Structures are given as C-alpha cells and as structure tokens.
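This briefing introduces a metal site and the surroundings of a bound ligand. Please keep the sequence and the structure in view while reading.

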Amino acid sequence: MSSKKSELKITIDSAGLGRRIDELALISEAPAPVVTRVLFSEADRRGREYVRRAAREAGLALREDAVGNIFARWEGSEPGLPAVGSGSHTDAIPNAGRYDGVVGVLGAFEALAALKRAGFRPRRPLEVVMFTAEEPTRFGLGCLGSRLMAGSISVEKAQALRDREGRTLDELRTAAGCSGPLASVRLPTGYYHAFVELHIEQGPILEADGIPIGIVEHIAGPSSYRVTLHGEGGHAGAVPMPVRHDALLAGAEIALAVERAAITSGSRDTVGTVGVFRIEPGAVNSVPFKAYLEIDLRDARLDTRSKALAIIRSSAEEACARRGVRMEFEEINADPPAAGDPETVAIAESVCAELGLRSLRMVSRAYHDSLFMARVSPTTMVFIPCRNGWSHRPEEYASPEHIAWGAEVLAHTLARLAT
Ligand code: HGY
Ligand code: MN
Ligand code: MN
C-alpha cells in the first residue's frame with residue numbers, strides 16, 4: 001500500500017451522481033419520497049438492474065455470485081493480485097430513505113469513473129460490490145451476502161432461513177435469477193487486499209461537529225433475538241384483572257427492560273430496540289393471548305453487550321413468572337464487533353488531510369457489510385454527515401457536497417491502495 005501523496009487530479013461528477021441516486025430512489029415498493037426495496041422483491045430486482053446499468057456506464061466488468069452479490073471490476077495491470085474492494089448495498093427497509101447503502105454503491109462507481117477520467121492506471125484490480133441483503137427485513141438476518149462471502153454463516157444455516165411467508169433463500173434467489181451452490185459465494189482467502197466502504201453516518205456526530213468525513217475504527221457488534229409470549233386470552237370485559245395472563249403486558253415489560261438495560265449498561269455505545277412487536281388476536285375487546293417481539297441489542301464491546309443481555313433475560317423471566325406467561329427467547333444473531341485496519345484508516349486519514357478535509361475517527365453503531373469484510377480483509381469505512389443523523393426514514397438526507405467529498409476521499413484512498 002503506497003501512502004505517498006498522489007498527483008491525481010480527481011473531479012467527481014456530483015450532478016451525475018446525485019441524478020443517479022435520485023433515479024434509483026424512484027425504484028421502490030412505496031411512493032416517493034419513501035424508499036423500500038426488500039430483498040428479491042420486484043423493486044429489489046429492478047434496483048439490481050439499475051445497478052448493473054450504472055456499473056456498465058462506469059466501464060466496469062460485471063459478475064454475480066450464487067446469492068446475488070454483484071461485482072463490478074476494473075482489471076489492474078497485474079490481474080492476479082488481490083483486488084482492492086469497495087461497495088455497499090441497495091436494499092432498503094420499509095419506509096427508508098435514498099442514501100443508506102446507495103451512496104456506497106453509486107459513489108464507488110463514480111469514484112472509479114473519476115479515476116479513469118483522471119488517467120489513473122491501477123496495478124491491483126479495483127472491484128465494487130453491491131451486497132445482497134444487507135438489511136434483515138426479508139429473513140430477519142442482515143448482511144446475508146457478506147456473511148456468506150466471509151464464511152460467517154454456514155450454508156445449512158442460510159438454507160434454513162424462512163421469510164414470513166415460509167419461503168426459503170433458495171426459492172427466492174432462484175426466482176430472482178441467481179444460480180449455483182451457496183458454498184461458491186465464499187471468497188478465496190486473501191481475495192481482497194483491502195476494503196473501503198463509503199456510507200452515510202446514520203448518526204448526528206459529524207453534522208454536529210461540522211466535520212465532513214468520518215473514518216471508522218470500530219463497528220459495533222449487532223445481536224438480535226426473537227421472543228414469543230404465550231398468555232391467556234379472554235373477554236376484555238369479563239376477565240377480572242387479578243386473574244389475567246396478558247401477553248402484551250409481559251412484552252411491554254420486556255421492551256422497557258431492553259431500554260433500561262441499554263441506558264444503565266455503563267457503556268455509551270450500548271443500544272437496545274424492540275422494533276417488532278405483534279400481538280394476537282389484536283381485537284380491542286380481547287385480552288392478548290400471544291405476543292411476538294424482536295430485540296436489537298448492540299455494543300462496541302462484547303462484555304457490556306453480554307451483561308445487558310443477561311439483565312434483559314432475567315427481567316423477562318421475572319415478568320413472565322409473575323404474570324403467568326410462558327416465554328420462548330431465541331437468538332437470531334450475535335456477531336462480534338469489528339476493528340478497522342490501522343494502516344487503511346491512516347491512508348484514508350492522510351487523503352483527507354491532503355484534500356484539506358477535516359476527518360474524525362469513529363465507532364459505527366450501525367452495522368454494515370464491512371463488519372464481515374473486516375473478517376477477511378483489512379477494512380475501514382468513510383462516513384459522510386446526514387441531516388440530524390436521520391436514517392431508516394424518508395427524511396434521510398446527505399448534501400451533494402458531502403457526497404462528492406466522500407466519493408473523492410474514496411477515490412484517492414482506493415487509488416493509493418491499488419498502486
Ligand atoms: O441495522 C443496521 O445497522 C443496518 O442499517 N442494517
Ligand atoms: Mn440500513
Ligand atoms: Mn446501510
């Protein structure tokens with residue numbers, strides 16, 4: 001990896017990049033300005049087609065693997081060398097915005113196109129990845145494409161996944177046109193020389209501090225859990241309060257226990273959320289006999305996350321015992337945090353300094369495909385500010401100037417790594 005100052009004069013086509021981000025945003029299961037593109041839905045498939053077209057327009061060679069990860073490659077002068085990777089995702093949760101993931105895919109295409117326009121000739125291949133299923137919406141598990149690439153999930157576990165309609169990954173990927181064994185998704189050892197992902201911060205720090213670039217040193221470890229509660233139903237008027245076994249109220253106590261455990265963990269990086277909470281029968285005059293919750297619990301450190309989980313579980317057991325409600329508590333995923341590669345972080349940081357851009361080393365509490373790429377390659381992320389830190393909502397916004405600076409820092413960093 002060369003760290004010498006580059007003489008490259010890189011110009012990002014900010015207007016073109018913004019237009020492509022806006023065009024992709026219109027490919028959605030929901031009316032604008034809402035963006036929703038759930039894995040292998042009709043909108044996701046049209047979004048993939050848009051990504052393929054954008055890659056070709058950037059002059060990149062395309063291939064796809066058995067789970068639908070899309071690779072767009074610029075061969076280097078020494079093709080056999082491990083590639084320098086970048087990329088992100090274009091799937092979007094319900095009621096999302098247009099920048100999460102998309103900036104890292106279209107921004108990487110623009111970074112490579114700008115390097116081509118500047119006359120750069122890479123020694124190492126440069127490759128942009130559009131990862132399949134960074135979001136957990138379809139199967140309840142995020143980063144499915146990068147997990148399989150990194151060997152962080154077994155083929156058996158991936159094939160056992162079911163969506164809410166009971167469909168399997170194999171059914172859906174085949175219907176979307178993917179083929180080949182899932183085992184072939186795993187990357188050969190040393191496939192990437194380094195990996196750098198451009199992404200909006202999805203938090204308020206960069207904007208609040210007036211800093212245009214974040215460089216990720218740590219990515220918090222995500223975990224999620226399914227809780228099913230079996231109480232007793234009955235007539236809302238006839239069942240006296242002392243004899244009720246209300247599943248919703250047990251669930252409500254558990255949701256409050258998640259919040260309390262995160263706030264009192266002693267670590268400012270512990271975050272806990274109950275983002276899914278369904279009850280049955282769901283009638284105003286009927287005592288809920290069943291509740292279903294999904295808990296999202298994260299921390300930059302494993303020990304404080306484990307301690308918070310233990311508190312949540314014991315609070316849940318106590319509430320259910322007191323209320324006469326039966327509980328099933330199942331882990332969906334519990335991934336360790338990842339560290340950014342110090343040398344790659346330092347290169348991105350020196351690029352910012354040479355461009356006269358202030359930068360800040362950060363922890364990412366959102367997870368990204370880089371969480372798994374860090375297991376198989378030296379990795380870091382380049383963050384740009386987003387308005388009020390908003391993300392996973394239609395008001396998500398990143399300014400053209402910040403997007404262009406992010407793509408410019410990415411272009412120089414990738415060039416340095418590929419030299
Ligand atoms: O949930 C996350 O952190 C990511 O946006 N999927
Ligand atoms: Mn997201
Ligand atoms: Mn994302």
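Donors are N, O and S atoms within 2.8 Å of the metal. In this predicted model, the donor residues of the manganese ion (ligand 2) follow the sequence spacing D-x34-E-x256-H. The points below describe this metal site and then the residues around ligand 1.

**The manganese site**

- The manganese ion (ligand 2) has as its protein donors D100 (OD), E135 (OE) and H392 (NE2), which lie 2.1 Å from the ion.
- D100 also serves as a bridge between the manganese ion (ligand 2) and the manganese ion (ligand 3), and the two ions are 3.6 Å apart.
- D100 sits in the loop between β5 (92–96) and α3 (102–117), while H392 sits in the loop between β15 (379–384) and α12 (400–418), so the pair ties together parts that are 292 residues apart in sequence.
- D100 is buried, because its relative accessible area is 7% and buried means under 20%.
- H392 is partly exposed, with a relative accessibility of 36%.

**The surroundings of ligand 1**

- Ligand 1 is surrounded by E134, E135, Q202, R298, A366, Y367 and H392.
- Sorted by class, this shell consists of three charged, two polar and two nonpolar residues.
- The side chain of R298 places an N or O atom 2.6 Å from an oxygen atom of ligand 1.
- For Y367, a backbone N or O atom is 2.8 Å from an oxygen atom of ligand 1.
- The side chain of H392 has an N or O atom 3.2 Å from an oxygen atom of ligand 1.
- Ligand 1 taken alone exposes 210 Å², of which the protein buries 93%.

Note on methods. Residues numbered from 1 in each chain as written. Chains lettered and ligands numbered in written order. Predicted model: local features only at pLDDT ≥ 70, side-chain atom pairs only at ≥ 80, totals over all residues. Heavy atoms only, no water. Donors = N, O, S within 2.8 Å, 3.2 Å for Na, K, Ca; no water. Helix = DSSP H or I, 4+ residues; strand = E, 2+ residues; numbered from the N terminus. Buried < 20%, exposed > 50% of the residue type's maximum accessible area, 1.4 Å probe, protein only. Near = heavy atom within 4 Å. Polar contact = N/O pair within 3.5 Å; in protein donor to acceptor, adjacent residues only side chain to side chain. Areas by Shrake-Rupley, 256 points an atom, 1.4 Å probe, with all protein chains shown as cover. Nonpolar A, V, L, I, M, F, W, Y, C, P; charged D, E, K, R; others polar.
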